[in-house]
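Q: I have a model open and would like to practise reading it feature by feature. Could you walk me through it?

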Amino acid sequence: CGNGEKKTAKTMAAPTKEVAKETTVAPTTTAQKTTPGASSEAKEVSLADTQRVGNDNLGYVNIPKDWAVLKVPNDPNAFQYSSTDKYNILFLNTYHKDKVELNKGETFGAELIANRLFSNLESDKEQTGIKGVRANFAGEKAYLIKVTFSDGKTLFEWIFQKGDIVYLVAIEGTEEIVTSLRPVLEQTWGLDPKTPGK
């Protein structure tokens, strides 16, 4: 997800995967320092230590204050923020009903997009493990794809639908950062630019 090459909206849909239900609750969390080689020293992450980023098309979410826009040369429309070392990356995207090509027998929705993304990630030669589960994300029923890669990175992608739009919120980086930012992302995503979770 972080390099813009792992996303797709045109691949064939994979068969629906059996998913487990998952829930999480935590308003504050602990995050490891953002350098990949950092010690296990950790710092507390709270909403006071975050900034709200996004736009009306993608939604808004809170991320650490020191993260900055990450420009993607081959995809100027990509919406990505990264930690100062560019190792940990947040990615937002949307899929609109009128812009997604459907194959015969397919129905537009979060499940279709999740299956396509899962299939694409499953065929990535760098992935060492992939799992799809059902989860709650910002009050919505979501599909969560969890992936580990051979370079040590972890990727979580949440796919959920509001109206005719399917939203994607993804975080890629160290397992500690992904795990610790998860509750912040789950609780703060929303369509309101000022109010987390609304």
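Q: Which secondary structure elements make up the protein chain, and in what order do they run?
A: Start by counting helices and strands, then read their order. This is a predicted model, and its protein chain holds 2 helices and 12 strands. Read from the N terminus, the order is β-β-β-β-β-β-β-β-α-β-β-β-β-α.

Q: How much of the protein chain is buried, and what does its exposed surface consist of?
A: Here we set the covered residues beside the accessible area. Of 198 residues, 51% count as buried. The chain exposes about 9900 Å², with carbon and sulfur atoms supplying 49% of that area. Sequence separation adds another view: among contacts with a separation of 6 or more, 55% are between residues 24 or more positions apart.

Q: Let's move to helix 1. What is its span, and how does that fit the expected value?
A: A helix can be checked against an expected rise of 1.5 Å a residue. Helix 1 has 13 residues and reaches 18 Å from first to last C-alpha, close to the expected 18 Å.

Q: Is helix 1 mostly covered or mostly open, and what covers its buried residues?
A: Take the count of buried residues, then look for their neighbours. In helix 1, 10 of the 13 residues are buried, including L112, I113, L117, F118 and L121. Their cover includes strand 8, strand 9 (127–137), strand 10, strand 11 and strand 12 (165–173).

Q: How many salt bridges are there, and which parts does the one between R116 and E106 link?
A: For each pair, look at the distance, then at where the partners sit. The count is 3 salt bridges. In one of them, the side chains of R116 and E106 meet at 2.6 Å, N to O. R116 belongs to helix 1 (residues 110–122), while E106 is in the loop between strand 8 (89–96) and helix 1, 10 residues apart. Both R116 and E106 are buried.

Q: Where do E140 and K162 lie?
A: Their side chains form a salt bridge at 2.9 Å, N to O. E140 is in strand 10 (residues 140–149) and K162 in strand 11 (residues 154–162), so the pair ties together parts 22 residues apart in sequence. K162 is partly exposed, at a relative accessible area of 29%.

Q: And what about E186 and R182: which element holds them?
A: An α-helix has 3.6 residues a turn, so residues three or four places apart point the same way. E186 and R182 both lie in helix 2 (residues 175–188), 4 residues apart, about one turn of the helix. Their side chains meet in a salt bridge at 2.9 Å, N to O, and both residues are buried.

Technical notes:
Residues numbered from 1 in each chain as written. Predicted model: local features only at pLDDT ≥ 70, side-chain atom pairs only at ≥ 80, totals over all residues. Heavy atoms only, no water. Buried < 20%, exposed > 50% of the residue type's maximum accessible area, 1.4 Å probe, protein only. Contact = heavy atoms within 4.5 Å. Areas by Shrake-Rupley, 256 points an atom, 1.4 Å probe, with all protein chains shown as cover. Salt bridge = Lys/Arg side-chain N within 4 Å of Asp/Glu carboxyl O. Expected span 1.5 Å × (residues − 1).
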